Amino acid sequence: MSETATLAPRFAPGARVSVRRADPPGHLRTPWYIRGHVGVIERLCGAFANPEELAYNRPGVPKQPLYRVRFRQREVWPDYRGSAEDKIEVEIYQHWLEPA
Amino acid sequence: MTTHSHPHPHETLPEHDERLGYYQTMEIAVRELLIAKAVFTADDMRRAVEAMDARTPAQGARVVARAWCDPAFKARLIEDGTAAVGELGIDMGETRLLVVENRPGVHNLIVCTLCSCYPRMLLGLPPDWYKSRAYRSRAVREPRAVLAEFGTVLPEDVAVRVHDSTADMRYLVLPAQPPGTAGWSEERLAALVGRDAMIGVTRPVL
């Protein structure tokens with residue numbers, strides 16, 4: 001596959017998405033604490049080689065769209081102490097996201 | 001030569017403070033192999049380390065001060081941080097820069113919960129606390145408590161926005177310009193901007 005092969009973005013800014021609750025083996029860049037939570041696409045950052053493949057010296061193509069997803073802290077941590085407006089933003093690759 | 005009579009063997013490795021860990025041993029083995037196979041030379045390695053050590057938060061402070069003085073630059077910096085710092089001769093390499101602005105009512109804080117992703121081109125090497133498990137876990141879990149420990153106590157009506165730098169973007173906080181500094185030169189302003197303010201654990205003050 002060509003080095004420039006890129007998957008089309010599935011989500012637009014503002015879309016509600018949930019992070020897959022999965023635990024596959026290998027090198028993952030989706031933090032554990034955010035899996036299973038619902039957030040909103042803040043922006044599309046571009047397309048990047050899949051780090052789960054790069055970690056094993058594979059080319060990581062097609063490139064994965066990478067998003068910044070914004071979550072409400074009170075939804076991520078049920079006992080969160082702080083404003084209801086406090087948010088956390090995490091970079092997540094498209095294959096970890098599903099429409100919510 | 002000194003001699004002494006007790007029979008036990010001494011552990012004498014004067015060049016090492018402690019035993020090498022797994023990853024230190026691995027790093028040395030891989031480095032020596034790459035040099036032996038002429039992938040790069042020992043001098044290339046030394047120069048790369050020297051270049052890394054030469055980067056300091058002064059680079060980031062220059063970017064912040066320019067943004068404070070030049071609204072058009074600030075707009076470009078927020079629109080496309082990578083390109084805007086390129087105007088100042090700063091090359092982000094493989095990574096892309098995302099600048100997040102502190103505004104009235106919003107305070108930004110940067111962390112990398114997975115490892116220690118950090119805008120080294122702008123801030124140099126990260127401080128040890130940034131890489132600690134305590135900071136990495138608590139910055140997302142209880143950011144207001146962490147901020148307070150750095151002396152940054154935020155009122156409830158200022159929202160905290162934590163950015164977990166988990167992938168290919170690198171983050172720089174653009175702090176608010178301290179009151180009483182209008183009309184200052186870029187150089188004078190840059191001196192107010194410390195590393196911690198650009199990570200977001202503090203705010204620049206006069």
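How many bridges pair strand 1 of chain A with strand 2 of chain A, and in which sense, parallel or antiparallel? Three bridges do the job, and the sense is antiparallel. Keep in mind for every view below that this is a predicted model.

**View 1. Chain A as a whole.** Here is chain A, with its two helices and five strands. Follow the chain from the N terminus and the elements come in the order β-β-α-β-α-β-β. Its C-alpha trace spans about 45 × 30 × 20 Å along the principal axes. Of the 100 residues in chain A, 32% are buried. Now take the contacts in chain A between residues at least 6 apart in sequence: 61% of them join residues at least 24 apart.

**View 2. Strand 2 of chain A and its two partners.** Strand 1 of chain A covers residues 16-19, and Val17(A) sits opposite Gly39(A) of strand 2. Strand 2 of chain A also pairs with strand 3 of chain A, residues 64-72. That pairing is antiparallel too, with seven bridges. Look for Ala47(A), whose bridge partner in strand 3 of chain A is Pro65(A).

**View 3. One sheet, two chains.** Zoom out a little and you can trace an open sheet of seven strands, ordered 5(A)-1(A)-2(A)-3(A)-4(A)-3(B)-2(B). The pairing in this sheet is mixed. At the edges are strand 5 (97-99) of chain A and strand 2 (106-111) of chain B, each paired on one side only. On average, and ignoring direction, neighbouring strands are turned by 35° against each other. As general background, strands of a sheet pair through backbone hydrogen bonds, either parallel or antiparallel.

**View 4. Where the sheet crosses from chain A to chain B.** Strand 4 of chain A and strand 3 of chain B, residues 159-164, run parallel and are joined by four bridges. Two pairs are worth finding here. Glu89(A) stands opposite His163(B), while Val90(A) has Asp164(B) as its bridge partner. Helix 8 of chain B, residues 133-141, lies across strand 4 of chain A as well as strand 2 and strand 3 of chain B. This helix runs at about 150° to strand 2 of chain B.

**View 5. The side of chain A that touches chain B.** In this view, 17 residues of chain A are in contact with 17 residues of chain B. On the chain A side, the elements giving two or more residues are strand 2 (38-48) and strand 4 (87-93). Strand 4 of chain A supplies the largest share, five residues. By type, this side of chain A has eight nonpolar, two polar and seven charged residues.

**View 6. Helix 1 of chain B.** This helix takes in residues 22-36 of chain B. At 1.5 Å a residue, its 15 residues should span 21 Å, and the end C-alpha atoms are indeed 21 Å apart. How many of those 15 residues are buried? The number is zero, so helix 1 of chain B lies largely in the open. Just after the helix comes Ala38(B), with a positive phi of about 60°.

**View 7. Helix 3 against helix 4 in chain B.** Helix 3 (residues 58-69) and helix 4 (residues 71-79) of chain B pack at an angle of about 125°, with their axes 5 Å apart. That angle makes helix 3 of chain B oblique to helix 4 of chain B. Helix 3 of chain B brings Val63(B), Arg66(B) and Ala67(B) to the contact, and helix 4 of chain B brings Phe73(B), Lys74(B) and Leu77(B). Four of the contact residues are nonpolar, none polar and two charged.

How values were computed. Residues numbered from 1 in each chain as written. Chains lettered and ligands numbered in written order. Predicted model: local features only at pLDDT ≥ 70, side-chain atom pairs only at ≥ 80, totals over all residues. Contact = placed C-beta atoms within 7 Å. Nonpolar A, V, L, I, M, F, W, Y, C, P; charged D, E, K, R; others polar. Pairing = 2+ DSSP bridges. Axes fitted to C-alpha atoms, helices over the stretch in contact; angles between N-to-C directions. Expected span 1.5 Å × (residues − 1). Buried ≥ 20, exposed ≤ 12 C-beta atoms within 10 Å, placed from the backbone. Parallel < 35°, antiparallel > 145°, perpendicular 65-115°, else oblique.
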